[in-house]
Amino acid sequence: MTRKQKRLAIISGGVAVIGAAVLLVLFALQDQIVYFHSPTDIVEKQIGPDTRIRLGGLVAEKSVVRGTGTKVEFVVTDTANEVAITYTGILPDLFREGQGVIVEGAFEPGNPVFVADSVLAKHDENYMPKEVAESLKAQGVWQGEEK
Amino acid sequence: MIVELGHYALIMALATALLQSVLPIIGARTRDAGLMGVAPAAAIASFVLILFAFVALTVSYVTSDFSVKNVWENSHSMMPMIYKFSGVWGNHEGSMMLWLLILVFFSALVAFFGGNLPATLKSNVLAVQAWITSAFLTFVLLTSNPFQRLSPAPLEGRDLNPILQDIGLAIHPPMLYLGYVGFSICFSFAVAALIDGRIDAAWARWVRPWTLAAWTALTAGIAMGSYWAYYELGWGGWWFWDPVENASFMPWLAGTALLHSALVMEKREALKIWTILLAIMTFSLSLLGTFLVRSGVLTSVHAFATDPTRGIFILCILVAFIGGAFTLFALRAQTLSPGGLFAPISREGALVLNNLFLTTATATVLVGTLYPLVLEAITGAKISVGPPFFNLTFGPLMIPLLLAVPFGPLLAWKRGDLWAVTQRLYMAAGAALLVSLAVIYFATGAPVMAGLGIGLGVWLIAGSLTDIAMRSGVGKVALPIMWRRFKGLPRSAFGGALAHMGLGVSVIGIVAVTAFATENVVTMKPGETTVGGPFTLQFEGLKPNTGPNYTELQGRFIILRDGQPVSHLTAAKRVFTARQMPTTEAGIYTNGANQLYVALGDELPGGGVVVRVWWKPWVTFIWFGAIFMSLGGIVSLFDRRLRIGAPAKSRAPAVAVGQET
Amino acid sequence: MMFWILAAVMTVAVTISLLVPLMRPRKKDIDAREFDVEVYSDQLREIERDINIGSLSGQEAEYARAEVGRRLIKASKAEADHAAASTDLTRFGRLAVIIFLPFMALAGYLAVGQPGMPAQPLAARVEPVPDSNSNIQALVAQAERHLASNPQDGKGWDVLAPIYLGLNRMHDSETAYRNAIRLLGSTAARQAGLGQSLFSQSGGIVTAEVQEAFQKAQDLQPDNPLSAYFLALGLAQEGKNEQARADFVKLAENSPPDAAWMPLVREHIQRLGTVAGMGTDQAQGQTAVVIPDSAAPGSDAPGPDAPGPSAEDVAAASQMSNEERLDMIAGMVAGLDAKLRENPDDSAGWLRLIRSHMVLGQRDKAGDALSRALDHFGADNADRQVLLAMASQLGLEPKELKQ
């Protein structure tokens, strides 16, 4: 092989790999990303069932109900609107009523209850999930400790 | 007084670093020996000064001097001594001090051991290091000064975040920073070469051990962080594709590519320009990681109290260094002479393939990490890019790379024979296939992919062994000669094989956990049992307990196998007194390479408790693999070939034969 | 002083270490290209070694040797590139080091540092200092440490709770009372203390929580005047004036006429509807009053020799309307001022006076008092330092202060 051919072989190999990667990324970005919504968004935008979303807000006071076994029901609110959640599993340490939380999951068809498969609370007492803080600010509820 | 002296030393270090940024560059341009001589002296002086400042801060922590604001915010007189000590870097300001200390430590090493570097290269390298030092010292002094005082001093501190009160904090950040900051040396060497417009022969020989050292530390740091998150957060996962994890993983991927391309450059003087670019990219990704973690763009355990001015400041540093380096690269890269030629099928070709896949993979991780930030900035839509994205993009890119790994070391330089190499690997391939089939056959219900995945791991391990065997001449020469050859093999050959083997071990662990782990969430009352893998877990009950600065509720379990008790396990929910913050302490029972992982949930009325039980077969392989990789790095570092002699002062060049040992 | 000596030593040492390479007579320098030659000959030796042990075979070894050889020859032929010394540049370097280094370090430090401030390790602060301002705080801190390690020690919480209350650390006292109640059970005193803590935190409103606490205290000890008082106050705040008045009257009847809370009770009764035959002696010369402490709790509670306000007084002061409270405090402050003119040695008194003025928003008067206090205390007096520290904490610049 001449020098030119060698170079061509290497470059075309490179282009093939990068092209494949770009295709994969584009495909994955179409299908595998999850949008964040506040309860108000849910009411306004009419999210269809089986679409995976993240939902953030405050856990409504006195809304946490333990069902049988490890099933838990609670309500997430941004003070303007509310969404009922069911979740089966262990809640994070800092999950509390009146505190910020993000749940991920989907609505079931024909059921207004959001079925979460993961629940994220904060890592320490100073931390409010950023998305939640912003959507609460939008509702004028929360004034963060901004400097 | 020691506090204020430390503060003074820190400012003095900035003055020294500023001089070190300017004088040696002028010296190197004008070939002035005096000005070039300032570089090593200033590098060592800044190291001593910053070390002093760091010690001053540490003394304040150890003696609980709450007149220092940083100590008051992040320490408590009741904390065990080890956490008082590691708490120094358990916060933003202190960890920036550690960052700086490691940065100047590396500069001082170059100054100290740089006798075998041409003076101009050494001056330029140290000057570029000083630019980084000056930028970050200014950042620390203006936005994150750890020596701010409080008067009158409060009587008690606010305590360290309980999640950080763990031995992990003593190891994870220093290792990670050794890696991040170690790549600054590669960056400085790359920029110095661009400034000078030429690459000395000593360049690659110097860059390779630095890359190795940084990579070794980063590998260990990431593995430690992963294990820490695994047992501390109580979520049972070992990698979440969290943006902050990605921030450390991207420099690792780019650094791995750099490690391999520097090899080509050292041996064949090929891929010079690419290696320089990669060195710049690797450190740029480290800076990007620092920015993502420190600016408050992301929220996570790693995001310390956020302050917008800090984010903007780091962004400016980021833009200045990355932009400056790439501009310099664009202007000067063509002045570097191209190097040796090679055929596509050759060791060089294999290493190019490695680089291609690793950098592409880095790019996909980068896209996944930054896409949500960019999208939110442009459209305002908030999205999260989670594990499914990375599994779909990163995964497929890794499989061909892993398949190709055993071929690389067996190919000859310049022009290789793929068919001959394939023949040498038939044993390894056979072993891999056999294991795959065995897994598929014996592990009932195991997906075919799991069998193939474990086969891939075996393929990597067997391939590495084949490499060492072939180099020793197994099957070709008599046993004594084989032994002699084996002993004569360079350390880097063992290091490389060990690292590739570690990769295989990690792959096996990852595949096994992904395919065979079982998870079980149940409510248990005392006396009840549940199943975890081959074991039965019997709940004994909850018992309160007190630690030095926390109270906890321990859940005690007996582990039974075939009805016989084999061990105990304790999981707990802790409440740290000072911050009234609860944490979950997972209970882990290690059995061989497998682990039984138990996390407690909420207490239920009626004496029950929610318990989450995972059975994680071969999970420890993941971290053992990483340890092997790090060990491989260390073994390679001790290769005598990485030590270069300096030319003796008065010797004629043509007869220069050093007594290198 | 010692600090400046050490800082100077540090500066000189660094300056000299940077000057040495610029001063040292120059040795003959090595040509940069010789380094390349060294590296290539090193590589050649490696190849020889690999051939010897047999790990590099015939043809491959030849290739490698030829390639490195070519590079070696090229490097040896390259033109010499010696470093030289330029006196002008070196002189510039020396000047840069001598001028820039000390100047930058000093200027930078003076801008951000606090040279006079000593290190204050906890161990050195907690143990001695008897009879000093930090005495109570030190005791409290010790008790806190004890409780941090023995959080189940109910007695400890019980002892600490009223102290917190006295120090106006209402959040801490709430926690302490709650812990004491949880561990030792409910008593009237504990419930009343909890009620007061909650009351102060709610800004003087008898919330449902406050009411609940006092109701429990009342149930446990029906003749406790404190709970009677707050429950009545709660009713008044709810607008149930008749009921509130009746309860206040009952409280007045059941209390000795010279009880500390009587004036307040009478005021309430008066406000809720005139009651004949009850005289109103104004509280006069009463020293125990709580000055509302707007600064951060914990770091700056009043000193130990400030007359400790009793629980009743706390309640009394904090339940008044804002105007009443201000009037009362103004009177107190004037009294304190007069007292300090007679007896200016009372440093704790000065602290209280200054803080009171600040709380009342009388910045000038606070500054004035500070100046007077500083004038009184000599230059090297420890009390002066305490005053200055507090002034800086309050953001107060002493008037005509000559250091």
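**Close-up views of chains A, B and C**

Between chain A and chain B, the count is zero salt bridges (a side-chain nitrogen of Lys or Arg within 4 Å of a carboxyl oxygen of Asp or Glu). This is a predicted model, in which local features need pLDDT of at least 70, side-chain atom pairs count only at pLDDT 80 or more, and totals for chains, interfaces and linings use all residues; side-chain values use heavy atoms, leaving out hydrogens and water. Residues are numbered from 1 along each chain as its sequence is written, while chains are lettered from A and ligands numbered from 1 in the order in which they are written.

**View 1. Where chain A meets chain B.** Here 38 residues from chain A and 51 residues from chain B make contact (heavy atoms within 4.5 Å). Together the two chains bury about 3900 Å², 69% of it on carbon and sulfur atoms; this is accessible area (1.4 Å probe) lost when two parts are put together, summed over both. Three residue pairs, both members at pLDDT 80 or more, are in polar contact across this interface. For a polar contact, a pair of N or O atoms lies within 3.5 Å; within protein, one must be able to donate a hydrogen and the other to accept it, and residues adjacent in sequence count only if both atoms are side-chain atoms. On the side of chain A that touches chain B, α1(A) gives the most, with 14 residues. That side divides into 19 nonpolar, eight polar and eleven charged residues. Asp, Glu, Lys and Arg count as charged, Ala, Val, Leu, Ile, Met, Phe, Trp, Tyr, Cys and Pro as nonpolar, and the others, Gly among them, as polar.

**View 2. Strands from two chains side by side.** β1(A) is joined by three bridges to β1 of chain B (residues 383–385), and the two run antiparallel. Strands pair if DSSP finds at least two bridges between them. Look for A:I33, which stands opposite B:V385 in β1(B). Strands (E, at least two residues) and helices (H or I, at least four) are DSSP runs, numbered from the N terminus.

**View 3. Where chain C meets chain B.** Chain C brings 80 residues into contact with 87 residues of chain B. About 7100 Å² is buried between them, 63% of it on carbon and sulfur atoms. Of the area that chain C buries against chain B, C:F35, C:E38 and C:I53 supply 9%, more than any other three residues. Five salt bridges are counted between these chains. One of the salt bridges in the model joins the side chains of C:E46 and B:R205 (2.7 Å, N to O). The rule also finds 14 residue pairs in polar contact here, both at pLDDT 80 or more.

**View 4. A network of charged side chains.** B:R205, B:R208, B:E266, C:D42, C:R45 and C:E46 are linked by salt bridges. Within chain B, the side chains of B:R208 and B:E266 meet at 2.7 Å, N to O. B:R208 lies in α8 (residues 201–232) and B:E266 in α9 (residues 243–268) of chain B, so this pair ties together parts 58 residues apart in sequence. B:R208 is buried (under 20% relative accessible area, 1.4 Å probe, protein chains only), at 9%. B:E266 is buried too, at 8%.

**View 5. Salt bridges inside chain C.** C:R71 and C:E67 meet in a salt bridge (2.5 Å, N to O). Both lie in α3 of chain C, four residues apart, about one turn of the helix.

Note on methods:
Buried means under 20% relative accessible area, exposed over 50%, partly exposed in between (1.4 Å probe, protein chains only).
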